[in-house]
Amino acid sequence: MTSTITLAEALAAGTVVLDGGMSNQLESAGHDLSDELWSARLLAERPEAITEAHLAYFEAGADVAITSSYQATFEGFGKRGIGPERAAELLALSVELAREAVRRANAEGVTRPLWVAASVGPYGAMLADGSEYRGRYGLSVGELERFHRPRLEVLAGARPDVLALETVPDADEGEALLRAVRGLGVPAWLSYSVAGDRTRAGQPLEEAFALAADADEVIAVGVNCCAPQDVEGAVRIASRVTGKPVVVYPNSGESWNAEARAWAGGSTFAPEQVRGWQASGARLIGGCCRVGPEAIGSIAGTLAGAR
């Protein structure tokens, strides 16, 4: 059911399970995502497929669905001839599709609380050239804030339970996003993409997480779209620096080749790792790219056994 308690309250009480990768679930259903809009293209072309992907994760044991708006921006849609009014409709639709998955899960007998997180990807995701894994776009904090604010306003207006400020490679962009969510009336989590103990742009995680320590809007901080082996150290830093619940959802361990637009290497993701992440302070746990419903089901089972 749609939860009668807030996600922040649930995190204070225990551990919550996130979903896994949207793109790999859509691809496994036969959808071609070799496009600059990635999964956001299906908002216009195959919205039902997105609802089905969310539902698969709820059925597997996820408590939170992250919307398909990661790569959905006014600028990105504009390149495809989609005007601002229609782009805003598609952004709002991403939240409604996740809500529809909640309704279907309820109808199928899922009775635990379920939440919807509206995905807000970094500036580099709009560029579709892999720069979301580097940061350092040559833009000021103010310019990045002005880029993000209109999309955030539309997504907040669709009333998700939380805004997922995710895969942020650069502390400057983290600062811009924190400015942009002020006054929207919807809580947020801030999640960096990291390499070791630094952001992808090379800043120490202590400094990056500290930006969110006093942000009342932020209910969790952490990492996503990173290698599983980078998670535990980052969890400890995030917990120590901010005192907030920590969110973690790494990739499978494979690496993304932006030129070939394909994944390479083997998976190093093991669901039993989540017990260590939980012990270090993680309270919102799931998977990102290449982590599917089966792995999320294993995470949910592992965490249920640890509670």
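This report walks through the fold, two helix pairs and a handful of individual residues in a predicted model.

## The chain as a whole

Let's start with the overall picture. The protein chain is built with 13 helices and twelve strands. It has 307 residues, and 57% of them count as buried. Contacts in the chain also reach across the sequence: among those between residues at least 6 apart, 78% join residues at least 24 apart.

## Helix α8 against helix α9

Helix α8 covers residues 141–157 and helix α9 covers residues 171–180; their axes come within 8 Å and cross at roughly 45°. That angle makes α8 oblique to α9, and the crossing is right-handed. If you would like to find the contact on screen, look on the α8 side for V141, G142, L144, E145, H148, R149 and L152, and on the α9 side for D172, E173, E175, A176, L177, R179 and A180. Sorted by class, this contact has six nonpolar, two polar and six charged residues.

## A closer look at α9

How enclosed is α9 by the rest of the structure? Seven of its ten residues are buried, so α9 is largely enclosed. The buried residues of α9 are A171, E173, G174, A176, L177, L178 and A180. E173, A176, L177 and A180 are also among the α9 residues that touch α8.

The start of α9 has a detail worth zooming in on. There, a side-chain oxygen of D170 reaches to within 2.9 Å of the backbone nitrogen of D172.

## Helix α8 against helix α6

Helix α8 has another partner to look at, helix α6, which spans residues 84–107. The axes of α6 and α8 come within 8 Å and cross at roughly 45°. The two helices are therefore oblique to each other, and their crossing is right-handed. From α6, the contact draws on A88, L91, A92, S94 and V95, while α8 supplies R151, V154 and L155. By class, the residues of this contact divide into six nonpolar, one polar and one charged.

## Two residues with positive phi

Most residues other than glycine have a negative phi. Which way do R159 and T167 go? R159 has a phi near 60°, a positive value in a residue other than glycine. For T167, phi is near 55°, again positive in a residue that is not glycine.

Their settings are as follows. R159 sits in the loop between α8 and β4, the strand of residues 162–168, and R159 is partly exposed, with a relative accessible area of 47%. T167 is found in strand β4 itself; T167 is buried, at 2% relative accessible area.

## S193 and its neighbours

From T167 it is a short step to S193, because T167 is one of the residues that S193 touches. S193 lies in the loop between β5 (188–192) and β6 (194–195). Is S193 buried or exposed? With a relative accessibility of 0%, S193 counts as buried.

Leaving aside residues up to four places away in sequence, S193 touches Y133, T167, V168, P169, T199, R200, N224 and C225.

## A234 in helix α11

A234 is part of helix α11, which runs over residues 231–242. It is buried, with a relative accessible area of 2%. Which residues does A234 touch, not counting those up to four places away in sequence? They are L205, F209 and V223.

A234 can also be placed relative to Y192: the two are 42 residues apart along the chain, and their C-alpha atoms are separated by 9.7 Å.

## G281 between α12 and β12

Finally, G281 is in the loop between α12 (274–280) and β12 (282–285). Its relative accessible area is 14%, so G281 is buried, the cut-off being under 20%. G281 touches V235 and V246, again not counting residues up to four places away in sequence. I237 offers one more reference point: G281 and I237 are 44 residues apart in sequence, with 9.6 Å between their C-alpha atoms.

Notes
Residues numbered from 1 in each chain as written. Predicted model: local features only at pLDDT ≥ 70, side-chain atom pairs only at ≥ 80, totals over all residues. Heavy atoms only, no water. Axes fitted to C-alpha atoms, helices over the stretch in contact; angles between N-to-C directions. Helix = DSSP H or I, 4+ residues; strand = E, 2+ residues; numbered from the N terminus. Parallel < 35°, antiparallel > 145°, perpendicular 65-115°, else oblique. Left-handed = near helix turned anticlockwise from the far one by under 90°. Contact = heavy atoms within 4.5 Å. Nonpolar A, V, L, I, M, F, W, Y, C, P; charged D, E, K, R; others polar. Buried < 20%, exposed > 50% of the residue type's maximum accessible area, 1.4 Å probe, protein only. Polar contact = N/O pair within 3.5 Å; in protein donor to acceptor, adjacent residues only side chain to side chain.
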